[in-house]
Every structure is written in structure tokens, then in C-alpha cells.
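Let us walk through this structure together, moving from its interior out to a few details of the backbone. Keep the viewer open as you read.

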Amino acid sequence: MITSHKHKFIFIAVPKTGTTSIEAKLDPFNEVSQLSSEATDRASSNIKHITLENLKAHTNKNLDSYFSFSFCRNPWDRHLSIYKFYKKSIKKWEKHLPPEWAEHYQRYTNLVGSHESFNDFVKSSPQWAELQTRWLSKNIDFIGRMENIQSDFNIICDKTGIDRLKLDHLNKSNDADYREVYNDESIDIVSKSYKKDIDYLGYK
């Protein structure tokens with residue numbers, strides 16, 4: 001989550017939709033909103049992935065006039081990306097595990113550690129990623145698409161009055177074309193598991 005009071009915008013970060021790249025460019029504009037102790041969205045100390053509704057409910061400022069935006073991603077691509085990210089993290093932590101990441105390591109290992117095949121994993125865990133519609137409510141003013149991330153980010157820059165910034169691809173976890181990874185069965189499983197996202201965001 002990034003909030004700029006000077007430019008009056010709020011960026012709501014949906015996991016695995018290019019948020020690291022976007023936050024890296026917007027961080028210089030970030031002015032932290034003081035949140036009450038009740039703002040425990042996702043139980044995160046920095047509340048990176050707070051929802052807009054929870055932010056407004058627990059901040060000390062009136063944000064109703066602020067321009068809010070976020071990004072979405074094709075659910076099939078996103079499901080694979082999170083799997084790849086967890087696999088990459090497990091491999092990294094097997095070499096060196098900082099104590100503060102031990103809980104995440106165990107959770108990631110429990111989720112994906114025993115699956116070498118992504119399609120087998122989809123069958124065993126058909127809906128394990130949080131729905132994007134958890135964050136992408138009708139109250140968000142602009143929802144960009146990761147598939148058009150730079151052009152949609154340009155629109156956001158124009159609307160917020162900041163100079164256009166070129167995004168870098170940070171925290172990349174998936175080089176594969178997701179369409180070449182899925183089989184017919186896993187395509188259908190994701191179709192059913194993420195139907196709410198697919199219908200709301202218009203993906204196929």
C-alpha cells in the first residue's frame with residue numbers, strides 16, 4: 001500500500017500483480033498514514049496488502065477524495081506465478097534460512113514442497129491463492145492489468161500528476177508462458193476455483 005497526501009492517491013497492492021515493481025517507483029511519494037491498532041489486515045506489521053476499505057476505516061485521515069488504483073492479473077497466470085514464487089523461496093531458504101523467515105519457509109514447504117508438477121499441485125490445491133476480488137472492489141477508481149502494466153501505469157501517472165516512470169520487472173518468479181504449462185484438467189479446475197475473479201475482471 002502506498003499513500004500520497006500531496007498527490008492524493010492510494011495504491012492498493014494485490015499480491016503477485018506486479019506490486020513490487022510499482023511500489024519501487026512510487027515509494028518516494030509515500031507518506032505513511034497513521035493506522036489504528038485495529039488495522040490488522042492480513043496480520044502484517046506493515047500492512048502491505050491492506051484493502052481500501054480497511055485502510056479508510058482505520059486511518060487518521062479522510063481519504064474519500066483520493067484517487068485509488070490497483071492492478072489485476074489473469075488468474076491462470078497468477079496461480080502459476082505464486083507456485084513458482086513459493087518454489088523459488090524454498091530453494092533459496094534451503095541454503096540459508098534467516099530466523100525471521102522460518103515460519104514462512106515451513107508454510108511454503110507444506111503448501112508446495114511435495115509437488116514437482118504444477119498440474120498435480122492444482123489438483124490437490126484448487127484454490128489456495130486469495131481471490132483478487134478481496135481487494136478489487138467497486139470502490140477502487142482504476143484497475144490496471146498486469147498484461148498492460150506499463151501503459152496502464154502511464155495512465156495512473158497522468159491522473160495523479162506525477163511524471164511518467166518506467167517500471168522495472170522486480171521480484172520475477174515465472175518465466176514460463178502459463179498457457180504452455182496447464183493441461184485441460186488444470187485449466188478447468190482454475191476456471192471453477194477463481195470464477196468470481198474471472199467473471200468480475202473479464203478474463204478468459
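A residue is called buried here when its relative accessible area is under 20%, and exposed when that value is over 50%, with partly exposed in between. Please bear in mind that this is a predicted model. With that cut-off, Trp93 makes a good starting point: its relative accessible area is 7%, so Trp93 is buried.

Now look at the ring that Trp93 meets. Two rings can be described by the distance of their centres and the angle of their planes. Trp93 and Tyr105 pair edge-to-face, with 6.5 Å from centre to centre and 75° between the planes. This pair links distant parts of the chain, as Trp93 belongs to helix α3 and Tyr105 to helix α4, 12 residues apart. Both residues belong to one aromatic cluster, together with Phe85, Tyr86, Trp101 and Tyr108. Across the model, the count of aromatic pairs comes to 13.

From here we can turn to the nonpolar interior. The largest nonpolar core has 22 residues, and Tyr83, Tyr86, Val112, Phe118, Trp128 and Tyr182 are those with the most contacts inside it. Helices α3 (75-95), α4 (102-112), α5 (118-124) and α7 (184-193) each supply at least two of the core's residues, and α3 gives the most, with 8. To see some of this packing, centre the view on Val112: leaving out residues up to four places away in sequence, Val112 touches Tyr83, Tyr86, Lys87, Ile90, Phe121 and Trp128. A second, separate core has 16 residues, including Ile10, Leu52, Trp135 and Leu136.

Lys87, one of the residues touched by Val112, deserves a stop of its own. Lys87 is part of helix α3, and a polar atom of its side chain lies 2.6 Å from the backbone oxygen of His115. Apart from neighbours within four places in sequence, Lys87 is in contact with Val112, Gly113, His115 and Glu116.

Next, follow the chain to α7. Which residues of α7 are buried? They are Ser186, Ile189, Val190 and Ser193. Viewed down the axis of α7, these buried residues fall within an arc of 95°, so they line one face of the helix. That buried side packs against α3, α5 and α8 (195-201). The face of α7 turned away from it carries the exposed residues Asp184 and Lys192. At the start of the helix, a side-chain oxygen of Asn183 comes to within 3.2 Å of the backbone nitrogen of Glu185.

Two arginines are worth finding for the rings beneath their charges. Arg134 lies over the face of Trp135, at 5.1 Å from the ring centre. The charged end of Arg145 sits over the ring of Tyr203, 4.5 Å from the centre of that ring.

Finally, let us check the backbone. Most residues other than glycine have a negative phi. Lys8, although not a glycine, has a positive phi of about 55°; Lys8 lies in the loop between β1 (2-4) and β2 (9-11). Lys16 also has a positive phi, near 60°, and is found in the loop between β2 and α1 (19-26). Are these two lysines buried or exposed, or somewhere in between? Lys8 counts as partly exposed, at 41% relative accessibility, whereas Lys16 is buried, with a relative accessible area of 14%.

Conventions
Residues numbered from 1 in each chain as written. Predicted model: local features only at pLDDT ≥ 70, side-chain atom pairs only at ≥ 80, totals over all residues. Heavy atoms only, no water. Core = buried A, V, L, I, M, F, W, Y, C linked by side-chain atoms within 4.5 Å. Buried < 20%, exposed > 50% of the residue type's maximum accessible area, 1.4 Å probe, protein only. Helix = DSSP H or I, 4+ residues; strand = E, 2+ residues; numbered from the N terminus. Contact = heavy atoms within 4.5 Å. Arc of directions from axis to C-beta. Polar contact = N/O pair within 3.5 Å; in protein donor to acceptor, adjacent residues only side chain to side chain. Phe/Tyr/Trp six-rings, centres within 6.5 Å; stacked < 30°, edge-to-face > 60°. Lys NZ or Arg CZ within 6 Å of the ring centre and 35° of its normal.
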